[in-house]
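Please open the model in your viewer and keep the sequence panel beside it, since each stop on this tour begins with a selection. The stops take up helix pairs, a sheet and single residues in turn.

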Amino acid sequence: MTPVELSRTVLCAVRRAVDEGELSVAVPARAVVTAPGPGGRGDYATSIALQLARPAGQAPLRVAEVLRPYLMVAEGVCGVEITGPGFLNISLDGSAAGDLVRRIGVDGLRYGHTDDLAGEVFEVRVPYEVRAEVLADVLARIIGAQGGRVDVSHDVRHDVRHDVRHDVAHGDGVRDVGGGRGGTVLRPVPAPEDPAPLGLDAARWALLHPAPHDRPRITADHLVQREGNPLFRVRYAHARTRAMCRNAADLGFAAEPGPVDAADLVGLLADYPRVLATAVAPSSRPSGPSPEPLVVPDSSAPSRLTRHLVGVADATLVLLPAVLPRGEEKPSAAHRARLALAEAAGAVLAGGLSLLGIDAPDHL
């Protein structure tokens, strides 16, 4: 069960409590599901009880107590505990990891892609500056993975520089629609120099990995083949998962999803769809008769994706030494399950790099 699916499960519990007359509230559009905080337990936690307490006219703990039994009977949930002022801490059953790996195996590079934004068009204006154009390109890729579309135009009023290298700045998915007055203006801190000498992949990473408000480093560090280089770790982890599959085939065994002792990696893979979903963010309407929020592209989404991929890579590299049998050891169900998880991690790393416009080689 992914965080997105668990969020829907939480909302379903709220809806059932409302239908049974135990809560008198409007069912919210979204339930935030995160990793448990300090003192929390289980796989995930939600603050939905605190969110609903005031409109329900009840204490958060009481709301949590109402929701707990509805969550307990949900498929894939094996335990729910209430902690603190009313946090619901949710534990998933042992089959969750296997189900997640199977889903990633079916979806492949399209894992995390949805149709949630189908028909939505986002207008984005950028200055003539390489970092802004790369950022817009990746936003278009991520939003496109959710069924939406981004139309990009150049905002000449905020022109920064004109010596943009086309092969670094542009990629599939961005359509320049000319000058426009509406939409969102993306103005990240500009690149201090032309990143093209780094090459396509390292240049894009150098521009995307820092948050938009941070100054990017255009240095040869991005080309170093060492663990201190985050881009190298991400690509190396992907290449190592491919190598594990080849080595397992040579040993005569294949991947088979099942329970694994790798909670950190499983959690990161499950959280990947949510990371992609943050490419759009609500923005309060400054004035006007409608109180409904607008949804706009979130310029921090590409940097969040790079950081998430680094986390997946680091957790994958911890798992890999235990994937293959050692010495006279025979392949077991645990080895097959770890191999399946490694394959799933490799698919997420490759899919995420693709959305960044960066190659994921099988050999490195």
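Begin by selecting residues 263–277 and residues 301–319, which are helix H9 and helix H10: in this predicted model, the two pack with their axes 10 Å apart and at an angle of about 165°. Because angles over 145 degrees count as roughly antiparallel, H9 is roughly antiparallel to H10. The handedness of the crossing between H9 and H10 is left-handed.

With both helices still selected, show the side chains at the contact. On the H9 side, look for Leu265, Leu268, Leu269, Asp271, Tyr272, Val275 and Leu276, which meet Arg304, Leu305, His308, Leu309, Gly311, Val312, Ala315, Thr316 and Leu319 on the H10 side. Coloured by class, the residues of this contact between H9 and H10 fall into 11 nonpolar, three polar and two charged.

For the second stop, select residues 230–251 and residues 333–355, that is, helix H8 and helix H11, whose axes lie 9 Å apart and whose packing angle is about 140°. H8 and H11 are therefore oblique to each other, and H8 passes H11 in a left-handed crossing.

Which residues of H8 and H11 meet? From H8 come Val234, Arg235, Ala237, His238, Thr241, Met244, Cys245 and Ala248, and from H11 come Leu339, Ala342, Glu343, Gly346, Leu349, Ala350 and Leu353. This contact of H8 with H11 divides into 10 nonpolar, three polar and two charged residues.

Now move to the N-terminal numbering and select residues 3–19 together with residues 60–72. These are helix H1 and helix H3, whose axes come within 9 Å and cross at roughly 120°, and the two helices are therefore oblique to each other. The crossing of H1 and H3 is right-handed.

At this contact, Thr9, Val10, Ala13, Val14, Arg16 and Ala17 in H1 meet Val66, Leu67, Tyr70 and Leu71 in H3. By class, the contact of H1 with H3 consists of eight nonpolar residues, one polar residue and one charged residue.

The next selection is a sheet. Display strands E1, E2, E4 and E3 in that order, and you have an open sheet of four strands with antiparallel pairing. At its edges are strand E1 (33–34) and strand E3 (77–83), each of which pairs on one side only.

Within this sheet, select E3 together with strand E4 (residues 87–92), which pair in the antiparallel sense over six bridges. To follow the register, label Gly79, which stands opposite Ser91 in E4, then Glu81, whose bridge partner in E4 is Asn89, and then Thr83, which stands opposite Phe87 in E4. E3 and E4 form a hairpin with three residues between the strands, and there Gly84 takes a positive phi near 60°.

Then add strand E2 (residues 44–46), which pairs with E4 in the antiparallel sense over three bridges; here Thr46 has Leu88 as its bridge partner in E4.

Before leaving the sheet, return to Thr83 in strand E3 and ask whether this residue is buried or exposed. Thr83 has 13% relative accessibility and therefore counts as buried. Selecting Ala64 as well shows a C-alpha separation of 9.4 Å from Thr83, although the two residues are 19 residues apart along the chain.

A second single residue to select is Arg141, which lies in helix H5 (residues 130–144). Since buried means under 20% relative accessible area, Arg141 counts as buried at 19% relative accessibility. Add Ala279 to the selection: its C-alpha atom is separated from that of Arg141 by 9.8 Å, with their positions 138 residues apart along the chain.

Finally, clear the selections and view the whole protein chain, whose secondary structure comes to 11 helices and 10 strands. Of its 364 residues, 48% count as buried. Among contacts in the chain between residues at least 6 apart in sequence, 73% join residues at least 24 apart.

Notes: Residues numbered from 1 in each chain as written. Predicted model: local features only at pLDDT ≥ 70, side-chain atom pairs only at ≥ 80, totals over all residues. Heavy atoms only, no water. Axes fitted to C-alpha atoms, helices over the stretch in contact; angles between N-to-C directions. Parallel < 35°, antiparallel > 145°, perpendicular 65-115°, else oblique. Left-handed = near helix turned anticlockwise from the far one by under 90°. Contact = heavy atoms within 4.5 Å. Nonpolar A, V, L, I, M, F, W, Y, C, P; charged D, E, K, R; others polar. Pairing = 2+ DSSP bridges. Buried < 20%, exposed > 50% of the residue type's maximum accessible area, 1.4 Å probe, protein only.
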